[in-house]
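Student: I'd like to learn how to read a structure like this one, feature by feature. Could you walk me through it?

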Amino acid sequence: MKKYVVFFLSILLCLSLVACGTSSNDSGNTASDSSSWKAGTYTASAKGMNGDVKVEVVLDESSIKSVKVLEHQESEGISDPAIEKIPQQIVDAQGLGIDTVSGASFTSKAILEAVTIALKEAGADVDALKKIKGDSSTANKDIETAYDVVVIGGGGAGLTSAITAAENGAKVVVLEKMPAVGGNTLISGGEMAAPGNWLQEKEGIEDSTDLFYEDILKGGDNESDPALIRVIADNALNEAIWLKDEVGVVWEDYMLFFGGHSVKRSLVPKNASGVELITKLEAKAKEMGITILTDTKASALIANSDDKETINAVEAEMNGDTVIFTAAKGVVLASGGFGANIDMRVKYNPEMDDKILSTTSAGSTGDGIVMAEAIGAQLDDMSFIQTYPTCDPETGRLLYVGDVRLEGRSILVNKEGKRFVEELERRDVISKATTETSDGYSYMFWDQASMVASKVDVKHKHEYDSLIDRGLLVKADTIDEAAKHFGIDAEALKETVKNYNEYAKNGKDLEFNKRGELVAFTDGPYYIMKSIPAVHHTMGGVKINPDAQVINTTGDIIKGLYAAGEVTGNIHGTNRLGSDAIADIIVFGRVAGKNAAEGK
Ligand code: ADP
């Protein structure tokens, strides 16, 4: 490791010489003659994921003194590592040959482009500066490697199990391969199904743990392990309260009605975003003294050299080094699913090929499943891969503006202007029906009253603006005008809306028997959003028992190894219902963390 630090320092030294224009860099390219630029403060902007990213670059006669991101509209949490790291790396390297931060590549590129524009304006030779490579890693420090519990993955399940293990007296480390924690949990809406909750009570909605259990079972075509979903159904409400009282998560004062549930039961975190869950969980973990190591990728599970049967260490890659972390009590696998790994998707389900985009975070590559299989874990349900029905046709991102559907305030139509599925059906059913439409898209329609009631334009403003900019969402005064934008049959759409209003008046949807309250459409403006299904959740993974212990291929417990979250299989059957993932990761994160700390 020491060798690495010396190497890193010598690179920095070499780079600063290059920046002074007195030397050439490692590749033999002559650096820019920086004296040719004009000292001063420059600002410039470039397009990021959600809009302009504005930077300020301060130059003196011979060096880049500072780079700052002044303004941006990038997604909170996801873009943070790029905004924190790229400007500093440019200054450290005195060059522009900086790698993008994985998971935040749009934001990274925007910062680099804006700084390039600023430097060009100052008269710098940007081509020469681009040849000066930065060091994207942080130097290894003298890290502690002996813990009671090692958690692999810093998403919702990992952070929850880490906190719970620490609550139970364990010394804990979280290994996260990406530059920031969060995983799919961060980019999710963060909603959590919680039967019998306080908002249901207020709205007079009757619910029970048994009804929730039945919904999960039925929603996954009876393929779930009943013992596992019993644990989720019985504990979801308590753990939602734990998140509120102990972790400080703020739940909004309204619920969403997710497809496939019998009643409205899903709590919504602040701003309807997983950012609320991850920021609070990360803050709590840090407050408890848990070590969180980012840019640290677990590569193998290691068995005790004496009994060869108990997992008691994890091998990880960190800044080019291989580091072994020991776990005196247990290892928790919480590394998420494999939605972003196309080869793995196709291996288990040939239909899920590269033609289908994905909503998932870049870290969802199934590493944990592969590592567990290598030491004999049993895998279950691997072919069950869920697509989310209403995603961005260009990027695959899940469209939260479409949550107007989950408030019961929109319909889905095809290009022919006709409804083609019950709007609150299961995700797999809506996805399949969408794929079978004449052009493979769904068009979500709603009116101004529904926009005001759902506020999706305010709650998800950046996404709303971006969709309008790219012509994927239209707002128009008349139904004719809105339909024309997408070439939808306007006459048929008007007829569809008329019929739907009639169903709303009579309280019964005669076409698709839509559940929940039916609200008639009234005046414009009207909205239509175009979307496609994209890979969202992989239901398959390692087999666990109700104590979150991992089971091997002969049905025995693998001692010392626990798993929670999307890395596990056999919980949601063929199809996970909306908001059940958060219930699952928090409930089983709690179970895994407690049992790992106790070395059960
Ligand atoms: P869950 O909802 O089950 O918590 P997430 O997707 O939210 O799943 O989180 C899983 C986390 O695990 C992600 O942040 C991902 O980057 C991380 N991860 C995946 N593979 C590895 C690995 N090999 N080593 C460390 N972290 C990993």
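Tutor: Gladly. Let's begin with a term we will need for strands: two strands pair if DSSP finds at least two bridges between them. Keep in mind that this is a predicted model.

Student: Then let's use that term. How many bridges join strand 20 to strand 21, and in which sense do they run?

Tutor: Two bridges join strand 20 (residues 549-551) to strand 21, and these strands run antiparallel. One bridge to find on screen pairs Gln549 with Tyr562 of strand 21. The two strands form a hairpin with five residues between them, and Gly555 in that turn has a positive phi of about 90°.

Student: Which strand pairs with strand 21 in the parallel sense?

Tutor: That is strand 12 (residues 321-333), which pairs with strand 21 over three bridges. Here Tyr562 appears again, as the bridge partner of Val332. Strand 21 itself (residues 557-563) is mostly covered, with five of its seven residues buried.

Student: What about the loop that follows? Which residue there should I look at?

Tutor: Try Thr568, in the loop between strand 21 and helix 19 (580-598). Its relative accessibility is 4%, so Thr568 counts as buried. Beyond residues up to four places away in sequence, Thr568 touches Met539, Gly540, Gly541, Val542, Ile544 and Ala563. Thr568 and Gly336 are 232 residues apart in sequence, but their C-alpha atoms are 8.1 Å apart in space.

Student: How do I read a strand with both faces covered?

Tutor: The general idea is that in a regular strand the side chains alternate between the two faces of the sheet. Now take strand 5 (residues 172-175): Val172 and Val174 lie on one side, Val173 and Leu175 on the other, and all are buried.

Student: Which strands does strand 5 pair with?

Tutor: Strand 4 (residues 146-152) pairs with strand 5 in the parallel sense over four bridges, and Val151 has Val174 as its bridge partner. The chain passes from strand 4 through helix 5 (residues 156-167) to strand 5, and this β-α-β crossover is right-handed. Strand 9 (residues 291-293) also runs parallel to strand 5, joined by three bridges; there, Thr291 is the bridge partner of Val173.

Student: Where does Val172 fit into the nonpolar core?

Tutor: In general, nonpolar side chains tend to be buried together in soluble globular proteins. In this model, the largest nonpolar core has 94 residues. Val172, Leu243, Ile290, Leu301, Phe325 and Phe588 touch the most other members. Setting aside neighbours within four places in sequence, the contacts of Val172 include Tyr147, Val149, Ala162 and Ile290. Apart from this core lies another, of 39 residues, among them Leu473, Ala483, Phe521 and Tyr526.

Student: Let's turn to helices. Which residues of helix 18 are buried?

Tutor: The general idea is that an α-helix has 3.6 residues a turn, so residues three or four places apart point the same way. In helix 18 (residues 490-506), the buried residues are Ala490, Ala492, Leu493, Thr496, Val497, Tyr500, Tyr503 and Ala504. Down the helix axis they fall within an arc of 155°, so they line one face of helix 18. The face turned away from that buried side carries the exposed residues Glu491, Lys498, Lys505 and Asn506.

Student: What covers the buried residues of helix 18?

Tutor: The cover includes strand 15 (411-413), strand 16 (442-447), helix 17 (479-486) and strand 18 (526-538).

Student: Which residue of strand 18 is worth a look?

Tutor: Try Pro533, which lies in strand 18. Pro533 is buried, with a relative accessible area of 14%. Thr434 is 99 residues from Pro533 in sequence, yet 7.5 Å away in space, C-alpha to C-alpha. Including Thr434, the residues that Pro533 touches outside its sequence neighbourhood of four places number among them Ile356, Tyr388 and Gly440.

Student: One last feature: how do I spot the edges of a sheet?

Tutor: Look at the open sheet of three strands in the order 6-8-7, with antiparallel pairing. Strand 6 (192-193) and strand 7 (251-256) each have a single partner strand, so one side of each is left without a neighbour in the sheet. Three bridges join strand 7 to strand 8 (residues 266-269), with Ser266 as the bridge partner of Leu256.

Technical notes. Residues numbered from 1 in each chain as written. Predicted model: local features only at pLDDT ≥ 70, side-chain atom pairs only at ≥ 80, totals over all residues. Heavy atoms only, no water. Core = buried A, V, L, I, M, F, W, Y, C linked by side-chain atoms within 4.5 Å. Buried < 20%, exposed > 50% of the residue type's maximum accessible area, 1.4 Å probe, protein only. Contact = heavy atoms within 4.5 Å. Right-handed = clockwise from strand over helix to strand, strands pointing away. Expected span 1.5 Å × (residues − 1). Arc of directions from axis to C-beta.
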